[in-house]
Amino acid sequence: MSVSLAYRFSPLLTSKTPAWRSRLLIAALMLGFSGLACRAAYVQVYNNDFFLHQGEVRFARTLELRASRGRILDRKGIILASSVPSWGIWASPDDVDGNPAKRQQLAQLLNMPLDELNQKLQDTKKSQVWLKRPVDEALAQAVQVAGLAGVYSRKEYRRHYPEGESVAHVVGVTNSDEDGLEGIEKAFDAQLSGQAGSRRVIKDRSGRVVEDVGERRPPQDGQDIELSIDSKVQFFAYQKLRDAVLENRAKGGSAVVLDARSGEVLALVNYPSYQPEQRDRLQHAAMRNRAVTDTFDPGSVMKPFTIGLALETGRVTPETVISTAPGSVVIGGTTLHDAHAHGDITVQQVIQFSSNVGTAKIAMRMPAQQMWETFSRAGFGQKPELNFPGVASGRLRAAKNWRPIEQATMSYGYGLPASLLQMARAYTVFANDGQLLAVTLTKNPPPAQGQPVFSAQTAAQLRHMLQLAAGPGGTGQKAQTEGYSVGGKSGTAYKQIGKGYGSDKDRLYRGWFIGMAPIDQPRIIVGVMIDEPSAGQHFGGDVAAPVFSAVVQQTLRMQGLAPDLSVKPRILAQASEESL
Amino acid sequence: MSRLNVLLAAIVMANALYLVRVQHHSRRVFVELDQALSESRRLALESQRLAVQVRALSRPLLVERRAIDQLHMHTPTPGITHYVRPGSSGVAP
């Protein structure tokens, strides 16, 4: 039987404890708390800045907020270039596990034959090799989750060009850091690039951002650039140009489509072209925008400007008769020839038959200075005001240096090299009642302010002559197109070989055709140049005019313009009424 | 007096605990907001990527090739186009 005792009678409480023990305990506690207080004062007051800084170093991070590069759009808002995130899987060959099972797992993840994977990983000289790029985010995460040694994923931004080679020369290309290298990418690099921002944050142990500290600098995304290009017209022009270059076994070719009322460039194509997304295969020659950067003797497409000046100054009328017999003329000891002898022909037939002799004879009636002024006002020898890299100015020598033979040959397009874009722009004079328009590659330009070159009457007379040149009996008959009236001038220029134009055996040619449609109220100007055709035909009327014809018809149709010529309907069956 | 001190000490303690709770809640909400913003950016980029992909799949070259090869279509010309002008029932070319 147990005996219970009241608490106060416990023998433990009745034992005598020395007082120094409790005092020692209290002193120890006081000392401990004093130490803590001193430490707190040291941390919070005396050395507060240092500890704050150390805390920030461990938990605060500055994050860069990437600015997205602006898109390049066509006139209808269709994407021509855009930066999108993608992922790439890369490996450090030295660190990758050689275990066959692990390799097999990686090959399965990447959906790649094991042999191919092993081959890539054999290159131990490289510190990193790309295994697969681009890949989607899910695969990149799956590779991370698999935790294979030496295999990593990286997020990157890639520039995509969905239209591919047809628009490559206009849009251009960027390098791997997204800096513009060519084309619009280079010309508008500052607007497209934007500015990266930053934010200072505190991250927790698991890497999550838990607090913003300091000032946040938001990123400024690059601006979108809207071009005047119509991607459908661009594609169609590219396709027809490519077919013509291949069919004529030519070295290359270019085509330009301008809006005749605003000067906007609707299409600007070159062949050969390149795939802008395949950066490792880029070749400088193929990347050159020949239509803008290369200048050539334009040949007979120049004649309307010489005839225009003669009409404007009242020296001739369209009906004035010019004797071109016997198909040649001697000027300054040099004989100039026509392809065929035409005898006595009117001024408008000089354009229609493209007579060198007739044009030269008319030119010799005019002072060189007056011709220089007219050519200069039409933009020859001057750089077009176009924000695009490498725009060529061509060459137009001062009139005081012209010898008579040079004045004669310049009248039909030799000795004053110009780019295709310059030539097409110069033809805005005929389409706009004698006013030269500025060309632009961006949408919604300010209202076109033309620079007067000829009077409206002269321009109308020249349009009629251009219509004759593209009509029956003219040199550019193949430019005719179903449904729409056209006018234009063909040109066939010898290419310069060394200091001359070669001999009859080794002569090289450029075929041109520049014209407009519908001829009474032109909506578009189309210029085509085929370089070194070698399949038997070399006249501009044979190699370039068919491209003009196809491009004009499809462009006007896509613009919703009804034909201005009667067309024989070939709609075989009318749709019957649907029963409801 | 001592009761008042105890009360004040309790209030201080309660406030301190509430402050900790609010701070924790604030950080949790901030994390959620940050994640939502990240997701929003990711979706915007994904939308941009898909728009580029759609354009790449509908570019004229592919459409034309399919139209010609598989559907046996050909490029329209004015001769087979029926032009309709406003205010008229239709104008044959």
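Two strands pair if DSSP finds at least two bridges between them. Helices (H or I, at least four residues) and strands (E, at least two) are DSSP runs, numbered from the N terminus. This is a predicted model: local features need pLDDT of at least 70, side-chain atom pairs count only at pLDDT 80 or more, and totals for chains, interfaces and linings use all residues. Residues are numbered from 1 along each chain as its sequence is written, while chains are lettered from A and ligands numbered from 1 in the order in which they are written.

**Exercise 1. A sheet**

Task: Find the strand order of the open sheet that contains β1, β6 and β7 of chain A, and describe the pairing.

Solution.
- Step 1. Start with β1(A) and β6(A), residues 197-203. They pair in the antiparallel sense, over 6 bridges.
- Step 2. Pick one bridge. A:Leu63 has A:Arg199 of β6(A) as its partner.
- Step 3. Write the order. The 3 strands run β1-β6-β7, with antiparallel pairing.
- Step 4. Name the edges. β1 (60-65) and β7 of chain A each pair on one side only.
- Step 5. Add the twist. From one strand to the next it averages 30 degrees. Axes here are lines fitted to C-alpha atoms (for helices, over the stretch in contact), and angles run from 0 to 180 degrees between N-to-C directions.

**Exercise 2. Two helices**

Task: How do α4 and α5 of chain A pack, and at what angle?

Solution.
- Step 1. Locate them. α4(A) covers residues 100-110 and α5(A) covers residues 114-121.
- Step 2. Read the geometry. The angle is about 110 degrees, and the axes are 9 Å apart.
- Step 3. Classify. Angles under 35 degrees count as roughly parallel, over 145 as roughly antiparallel, 65 to 115 as roughly perpendicular and the rest as oblique. The two helices are therefore roughly perpendicular.
- Step 4. List contact residues (C-beta atoms, placed from the backbone, within 7 Å). α4(A) gives A:Arg103, A:Gln104, A:Leu106, A:Ala107 and A:Leu110. α5(A) gives A:Leu114, A:Leu117 and A:Asn118.

**Exercise 3. Helix α10**

Task: What span should the 17 residues of α10(A) have, and how many of them are buried?

Solution.
- Step 1. Use the rule: expected span is 1.5 Å times one less than the number of residues.
- Step 2. Compare. The expected span is 24 Å, and the end C-alpha atoms are 24 Å apart, which agrees.
- Step 3. Count burial. A residue is buried with 20 or more other C-beta atoms within 10 Å of its own, exposed with 12 or fewer, and partly exposed in between; C-beta atoms are placed from the backbone. In α10(A), 13 of 17 residues are buried.

**Exercise 4. Unusual backbone**

Task: Which residue of the hairpin of β12(A) and β13(A) takes a positive phi, and where is A:Asp433 found?

Solution.
- Step 1. Recall the norm. Most residues other than glycine have a negative phi, and most peptide bonds are trans.
- Step 2. Take the hairpin. β12 (328-331) and β13 (334-337) of chain A run antiparallel, joined by 4 bridges. The hairpin has 2 residues between its strands, and A:Gly332 has a positive phi near 55 degrees.
- Step 3. Turn to A:Asp433. Its phi is positive, about 50 degrees, although it is not a glycine. A:Asp433 sits in the loop between α19 (428-431) and β15 (435-436) of chain A. With 16 C-beta neighbours inside 10 Å, A:Asp433 counts as partly exposed.
- Step 4. Check a peptide bond. The one from A:Ala325 to A:Pro326 is cis, with omega near 0 degrees.

How values were computed
Contact = placed C-beta atoms within 7 Å.
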